[in-house]
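Biologist: I am new to this structure and would like to learn how to read its strands and its enclosed spaces. Could you take me through them step by step?

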Amino acid sequence: MDTEGVRSFVRAAELGQFQHAADELGVTQQAVSKRVAALERELGVQLFARTARGVELTLDGQAFLPHARGIVAGAERAVGAVRPGSRALRIDVLGLRSAQAVVLHDYWRAHPEIDLDVVTLRVDDPRVAAAAVAAGEVDASFRTVTSALPPGLQLVRAFDLALELLVGPRHPLAAARTVTPAQLRGHRIWIPGIAPRSEWAEFYDELTTAFDLRIDAAGPNFGTEVLLDALADSPDLATLIGTRDRYLWPASYDLRRIPIQNPTIAYPLSLVLPRDNPHPSLQAIINHCHTLAPLPDPTWLPTWTRTPG
């Protein structure tokens, strides 16, 4: 089996477009398409369904993806075995506009010599991401596993992310410079598609209980753009975002990012990584995270931050 074909499949699956995969792999879109087509012929199944926005995995593609990642990771480890220190540091983040990706980008800009590969595994259950670390598919994952970790892994606290309220210009709190959690009571906070068994599902369960908030997770998650559209048009809809998360919207939307204080609501971000022989560049990333500015006091954090890892 052609490992470059498998690699092209994995990157196209993670990025959702052949062109984006080609850009990362340094080849043409036609080359990626040909590699995937050859792989499909060899396997005798269709791995992708082509859509107007790119490609989506078929059921066969979903079944093949974790094994394909293992093939790619195995090939990379084989190369690394004969070229010590040449392998890129591969870190999983929740999204390329997430706070984790922003922090990694800031670090890379200050240290462009580091060979860094930032990926999104596109899984909601943090235990699945931890299994990918254990299998060597990624070197670390920005996830928090609140249950027992697989053997050989450790959880390292990276940084705490303060949350902000995001509202449209007609929202009752739109003119506020800051808000308290108490001021959010009774307001509809829409966070669609909170995935069961995810760490953020646990977080929002604790948050609603602690402050008697109304968090609405109804409806499928159609993506950030749809959420921003809804906020701009609504006089009463709000959502929560991280201070370091990167969001872009048209100027005409006039959306407002409002800090939450007294207490600051914080989402703890951790790294899952191997306990033994982690990638040599990981410690510098962890050290960088620990230099980020502390959050204002008082700060509310979920109970799992007080549970020994």
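Modeller: Two strands are said to pair if DSSP finds at least two bridges between them. In this predicted model, β11 and strand β12 (residues 299-300) meet that rule, pairing in the parallel sense over two bridges. Within this pairing, Ile265 stands opposite Trp300 in β12.

Biologist: In which sense do strand β6 and β11 pair, parallel or antiparallel, and over how many bridges?

Modeller: Strand β6, which covers residues 153-167, pairs with β11 in the antiparallel sense, and nine bridges link the two. To find one of these on the model, look at Asp160, whose bridge partner in β11 is Pro268.

Biologist: Why can strand β11 be called largely enclosed by the rest of the structure?

Modeller: A residue counts as buried when its relative accessible area is under 20%. In strand β11 (residues 264-274), eleven of the eleven residues are buried, and therefore the strand is largely enclosed by the rest of the structure.

Biologist: Turning to the enclosed spaces, how many cavities of 30 Å³ or more are counted, and which residues line the largest cavity?

Modeller: A cavity is a space where a 1.4 Å probe fits but cannot get out. The count here comes to one cavity of 30 Å³ or more, and the largest cavity holds about 30 Å³ of space. Its lining is made up of Val10, Arg69, Val72, Ala73, Arg90 and Glu137, with three nonpolar, three charged and no polar residues by class. Helix α4 (residues 59-82) gives the largest share of that lining, namely three residues.

How values were computed. Residues numbered from 1 in each chain as written. Predicted model: local features only at pLDDT ≥ 70, side-chain atom pairs only at ≥ 80, totals over all residues. Heavy atoms only, no water. Buried < 20%, exposed > 50% of the residue type's maximum accessible area, 1.4 Å probe, protein only. Helix = DSSP H or I, 4+ residues; strand = E, 2+ residues; numbered from the N terminus. 1 Å grid on protein atoms, 1.4 Å probe; cavity = no way out; pocket = protein on both sides within 12 Å on 5 of 7 lines; lining within 4 Å. Points joined across faces, edges and corners; volume = space filled by probe spheres on them. Nonpolar A, V, L, I, M, F, W, Y, C, P; charged D, E, K, R; others polar.
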